[in-house]
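Biologist: Thanks for sitting down with me! Could you walk me through how the labels in this model were reached?

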Amino acid sequence: MQKMLSALTVGIGLVLMAGKIYADSEPGAIPLLLVVLGAGWHLIARVQARPRRR
């Protein structure tokens, strides 16, 4: 569930960024923040879901 929500956050950020670039020729802070936070969240969720081998 965490991976899906983080991927959705990244997707929303990318769509907002594309629209903002098209309209204003600059990406904007909120879409960039969504992409960075979503990617970090996705990375953390993947690391936590990985089975530990010992």
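Modeller: Happy to! Keep in mind that this is a predicted model. Let's start with methionine 1, which lies in the segment before H1.

Biologist: Why is methionine 1 called exposed?

Modeller: Its relative accessibility is 68%. Exposed means over 50%, so methionine 1 earns the label.

Biologist: And serine 6, in helix H1: why does serine 6 count as buried?

Modeller: Buried means under 20% relative accessible area. Serine 6 has 0%, and therefore counts as buried.

Biologist: Which residues does serine 6 touch, leaving out those up to four places away in sequence?

Modeller: With that exclusion, serine 6 touches Gly38, Trp41 and His42. A contact here is a pair of heavy atoms within 4.5 Å.

Biologist: Trp41 caught my eye. What makes up the nonpolar surface patch of about 700 Å²?

Modeller: Trp41 belongs to that patch, together with Met1, Met4, Leu5, Leu8, Ile12 and Leu16. Helix H1, residues 2–24, gives the largest share, with five residues.

Biologist: What lets a residue join such a patch?

Modeller: A patch residue needs over 30% relative accessible area and no salt bridge, and nonpolar side chains are joined within 5 Å. Met1, at 68%, is over that accessibility cut-off.

Biologist: Now to helix H2, residues 29–49, where alanine 29 is found. Why is alanine 29 called exposed?

Modeller: Alanine 29 has 62% relative accessibility. The cut-off is over 50%, so alanine 29 is exposed.

Biologist: How far is alanine 29 from leucine 14?

Modeller: They are 15 residues apart in sequence and 12 Å apart in space, C-alpha to C-alpha.

Note on methods. Residues are numbered from 1 along each chain as its sequence is written. This is a predicted model: local features need pLDDT of at least 70, side-chain atom pairs count only at pLDDT 80 or more; totals for chains, interfaces and linings use all residues. Side-chain values use heavy atoms; hydrogens and water are left out. Patches are made of residues with over 30% relative accessible area and no salt bridge: like charges are joined within 9 Å, nonpolar side chains (Val, Leu, Ile, Met, Phe, Trp, Tyr) within 5 Å. Accessible areas come from the Shrake-Rupley method with a 1.4 Å probe; for residues, only the protein chains shown count as cover. A salt bridge is a side-chain nitrogen of Lys or Arg within 4 Å of a carboxyl oxygen of Asp or Glu. Helices (H or I, at least four residues) and strands (E, at least two) are DSSP runs, numbered from the N terminus. Buried means under 20% relative accessible area, exposed over 50%, partly exposed in between (1.4 Å probe, protein chains only).
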